[in-house]
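Visitor: I should like to take a close look at a single part of this protein. Please guide me through the charged pairs and then through their surroundings.

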Amino acid sequence: MCISPTGRTSSAETGSGGGYENGIEEDVVERRDLLYYDDGNLIAGTLDALIQHMTPSGTHYPDRVFTFAFLLCSRLFIRPYDLLQRVTRSFQIQHRNFVADDGLSSSSSPSPKFVQLLSEWTDMFAYDFRDERMMRNLKDITQLCAATSTDLRHSVGQIMQGLIKKLSTLDKYEAMLARANAASAEKQADGG
């Protein structure tokens, strides 16, 4: 997957052939909403388009492989806090549109899929949520989702409990490593 933070994508990045012709680079496409596929597989896109692709809707959910790869690679271009904020903003717009349209069925609500994305994120990259801004944003958006149904309220509770347990385990592991490193340094200082 090739991410272009500026939205500038050359044909060499898209796998469409081309790239350089007679030693001169072909025209560079300047767009912010591009996704490139090869044989049905997403291979590249602008940061904005990839964020939009990651944001679930009532009818779309990104596959788990994409979610993992994007969450891992996107931090080269955007801080996890900023990514969560942008995905949340996109979800909030969808949620407002869903609520405003009384004719929609609950099966097309974006909330369950967004809760699923948050569950996967907290499961795969729990460390991201050590940042207080991430936790605050997570709490705010999960409260909005939990208010939509009792099933989501239960799911949100499980996400938060699981995340707190993982972060607690990480803290204990880091404390154990710090003690081991201190003991090792002390032993080396004593000449042993």
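Does Asp123 count as buried, partly exposed or exposed, and why?

Guide: Asp123 counts as partly exposed, because its relative accessibility is 40%, and the partly exposed class runs between 20% and 50%. The model under discussion is predicted.

Asp123 forms a salt bridge with Arg64, and the closest N and O atoms of the two are 3.3 Å apart. This pair links distant parts of the chain, since Asp123 belongs to helix α5 and Arg64 to helix α3 (residues 64-73), 59 residues apart. Arg64 also counts as partly exposed, at 41% relative accessibility. In general terms, side chains of opposite charge can pair when their charged atoms come close.

Two further salt bridges may be set beside this one. The side chains of Arg75 and Asp128 meet at 2.8 Å, N to O. Here too distant parts of the chain are linked: Arg75 is in the loop between α3 and α4, whereas Asp128 is in the loop between α5 and α6, 53 residues apart. The two partners fall into separate classes of exposure: Arg75 is partly exposed, with a relative accessible area of 32%, while Asp128 counts as buried at 12%. Salt bridges that share partners also build one network, which joins Arg64, Glu120, Asp123 and Lys166.

The other salt bridge is between the side chains of Arg86 and Asp48, at 2.1 Å from N to O. Arg86 lies in helix α4 (residues 80-100) and Asp48 in helix α2 (residues 47-54), so this pair ties together parts that are 38 residues apart in sequence. Arg86 is partly exposed, its relative accessible area being 27%. In the whole structure, a search finds 9 salt bridges. Disulfides, by contrast, number 0. As for cysteines, Cys73 counts as partly exposed at 30% relative accessibility, and Cys145 counts as buried at 0%.

The surroundings include helix α7, which spans residues 150-189. Helix α7 has 40 residues and reaches 58 Å from its first C-alpha to its last, close to the 58 Å expected at 1.5 Å a residue. Its buried residues are Leu152, Val156, Ile159, Met160, Leu163 and Leu167. The cover over these buried residues includes α5 (111-124) and α6 (132-146). As background to such a pattern, an α-helix has 3.6 residues a turn, so residues three or four places apart point the same way.

Helix α7 also holds Met176, which is partly exposed with a relative accessible area of 41%. Together with Tyr173 and Leu177, Met176 forms a nonpolar patch on the surface, with about 280 Å² of accessible area for the three together. Just after α7, Gly191 takes a positive phi of about 90 degrees.

The setting of these parts is a protein chain with 7 helices and 7 strands. Along the sequence, their order is β-β-α-β-β-β-β-β-α-α-α-α-α-α. Of the 192 residues of the chain, 37% count as buried. Among contacts between residues at least 6 apart in sequence, 62% join residues at least 24 apart. The chain exposes about 11,400 Å², and carbon and sulfur atoms supply 52% of that area.

Terms used: Residues numbered from 1 in each chain as written. Predicted model: local features only at pLDDT ≥ 70, side-chain atom pairs only at ≥ 80, totals over all residues. Heavy atoms only, no water. Patch = residues over 30% accessible without salt bridge, like charges linked within 9 Å, V, L, I, M, F, W, Y side chains within 5 Å. Areas by Shrake-Rupley, 256 points an atom, 1.4 Å probe, with all protein chains shown as cover. Salt bridge = Lys/Arg side-chain N within 4 Å of Asp/Glu carboxyl O. Helix = DSSP H or I, 4+ residues; strand = E, 2+ residues; numbered from the N terminus. Buried < 20%, exposed > 50% of the residue type's maximum accessible area, 1.4 Å probe, protein only. Expected span 1.5 Å × (residues − 1). Contact = heavy atoms within 4.5 Å. Disulfide = S-S within 2.5 Å.
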